[in-house]
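How do helices meet, within one chain and across two? Take a short walk through the model below.

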Amino acid sequence: MAIAHLCLECGWDLARIRAVCEPHYRIWLVRCPHCARACVRQRHPLWRGWRKFLRLKASLLAMLGQTFVLLILTAINLLALSFSHQLRGWSAADAWEEYRAQIILSFVVVPIVTGTWLTAGLRHCPRWKIWIGWTLFIALLLSVEYVMHGIGRAFNIPHYVSNNPRVVVRELIWNLGTLALMMTIALAGLPLGWKLLQSFSGNQRHYWRKRRIKRRMLRNFG
Amino acid sequence: MSDLKSPMLAQNTNSPSSEQRVSTLVGDRLCIGCGYNLSGQAVLRESIYNMLIVRCPECGIVASVQEYPLLGRWANRWAFVFAAVWFITLLIFLMATAGILFGVSQTSIESASAKYATWLGVQQLEWLKQQQPTGNPNFGWMQSQPLSPYTTVDPTWWAAQDPNALLASQGGWSAMVDRNFGWTWANWSPLLITLGCFWSVALLQLRRRGLVLFALVPIGLAAVLSYMFGYGPNSMLQMYGWSYMITHASAQIGPRMVVITLVFSWLMMCAGLLVGRSVLRGLVRLLLPPRLRSSLAGLWMTDGLAPPK
């Protein structure tokens, strides 16, 4: 049974009158056969709630996806940085001979993927803020280890960070230097990110054009 | 559709200036076209149908703001079901929070009692050495066990002791508490702050003072759990014939430690409760493009802030 829908002007029940989509405003209207007053037919709260839920779900899924990518990129960047410690003391030629695949993965693939994501995935944020923010974030994570071991040392907890401040400073400088190198290589991800954005927006343009054509067809001939 | 077309022909020639501004939208209402939050936009009386409308400044779609009550009962029924499910979920999370706080208090007690428990082990070992000539049957394996907070207690020895006198002989509680519990606290802190952040978002209807007071609920539940099942005078572990030295040590160190740890946990949770929404708002701004932020406008509006643009 249809839900009652009373005319605001005369109280006539418009429940049985079919709503039509108003072509200019694109809202569903019913004209009262008694007094000719136009009334809006709202969506049912359940349907409205469902659509609201779908919107919320889309936002949460997008956020979850972004967080997942952020975590993965953080992890692989930290792994690449920790791998760099293995190369200390090696000559460039020997290191290249021994760890060619790991070096390419850690210092070419990982930074470029990171740069591409920073450009395409976070396109809504000012680019300089994102790049500086990302560099500071990774640098902060690198220093957390030393802070935690500093706290642990106060409680006589076993730790593997050197007691010698010189060694710690040298390790920090090595980490920051490697990070700077990786971020420089990550700049190569900028054009890739732009290209990705271009193709994505091209797809979107195509999608909206098709939708507009479909609507126009419906309005004119439907 | 024919009866609607005629006024629209006139409308098409009208300028938007013929729409009369009536008031401003103060509630939370998303555009049906693009999801933009229309809060703060002008409510207009359009001239053709005399309807109240709001125009989306982003996509230009008109949204009608006239609403009619509905006779259908399913909306209310479903609302009740969702509210009940949400309430039960929150209760489960509340119990889980209390369980985590209980765990924090127990691990803190364990690490705070380690020093006193080891000292008790030394005392028992000295007593065992004196017992050797008398032919104590437990002597062999009791003496061979490694000295640690988990040294097994000889019930005969423990029955002959006055626990309060033992603790007092070493300078009392503050002298025998193992300071390593600070490390346990440091390890738990991130989780406690995260719990605070979670509750600050789950209880969007509460303001800051309400959130801080709410944190006392899981703390109180954890205190009850600690009293009933944790280390302490009523510990279930003490009911067994054989027990570890830490069980007896924590019965003396534990009660005061529970209070201190739960106060610390409350402070950490409060830190999370106070910054949780701001952190999440920052994350939403960072991770989501403006189009997707409008669904999460409640995060802003609950603190009286302008919804995200």
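Helix axes are lines fitted to C-alpha atoms over the stretch in contact, and their angles run from 0 to 180 degrees between N-to-C directions. The model is a predicted one. Keep that in mind along the way.

Start where a helix of one chain meets a helix of the other. Helix α1(A) and helix α10 of chain B, residues 245–287, have axes that come within 10 Å. They cross at roughly 85 degrees. Angles from 65 to 115 degrees count as roughly perpendicular, so α1(A) is roughly perpendicular to α10(B). Which residues make this contact? From α1(A) come A:Met63, A:Gln66 and A:Thr67. From α10(B) come B:Leu280, B:Leu283, B:Val284 and B:Leu287. Five of these residues are nonpolar, two are polar and none is charged.

Now widen the view to both chains. The size of an interface is often given as the accessible area lost when the parts come together. Here chain A and chain B bury about 4100 Å² between them. Carbon and sulfur atoms carry 69% of that area. Chain A brings 42 residues to the contact, and chain B brings 51. On the chain A side, A:Tyr25, A:Met63 and A:Phe155 lose the most area to chain B. Together they account for 17% of what that side buries. A:Met63 also appears in the contact of α1(A) with α10(B). How many salt bridges link chain A and chain B? The count is zero.

Next, stay inside chain A. Helix α1 spans residues 45–84, and helix α4 spans residues 127–154. Their axes come within 11 Å and cross at roughly 60 degrees. The two helices are therefore oblique to each other. Their crossing is right-handed. On α1(A), the contact is made by A:Leu70, A:Leu73, A:Thr74, A:Asn77, A:Leu78 and A:Leu81. On α4(A), A:Trp134, A:Phe137, A:Ile138, A:Leu141 and A:Leu142 take part. The tally is nine nonpolar residues, two polar and no charged.

One more pair remains on this walk. Helix α3 (residues 100–120) and helix α5 (residues 165–186) of chain A have axes that come within 7 Å. They, too, cross at roughly 60 degrees, so α3(A) and α5(A) are oblique to each other. This crossing is right-handed. The contributors from α3(A) include A:Phe107, A:Val110, A:Pro111 and A:Gly115. Those from α5(A) include A:Thr178, A:Met182 and A:Ile185. By class, this contact has ten nonpolar, three polar and no charged residues.

Definitions and conventions
Residues are numbered from 1 along each chain as its sequence is written. Chains are lettered from A and ligands numbered from 1 in the order in which they are written. This is a predicted model: local features need pLDDT of at least 70, side-chain atom pairs count only at pLDDT 80 or more; totals for chains, interfaces and linings use all residues. Side-chain values use heavy atoms; hydrogens and water are left out. Helices (H or I, at least four residues) and strands (E, at least two) are DSSP runs, numbered from the N terminus. Angles under 35 degrees count as roughly parallel, over 145 as roughly antiparallel, 65 to 115 as roughly perpendicular and the rest as oblique. A crossing is left-handed if the near helix is turned anticlockwise from the far one by less than a right angle, and right-handed if clockwise. Contact means heavy atoms within 4.5 Å. Ala, Val, Leu, Ile, Met, Phe, Trp, Tyr, Cys and Pro count as nonpolar, Asp, Glu, Lys and Arg as charged, and the others, Gly among them, as polar. Buried area is the accessible area (1.4 Å probe) that two parts lose on being put together, summed over both. A salt bridge is a side-chain nitrogen of Lys or Arg within 4 Å of a carboxyl oxygen of Asp or Glu.
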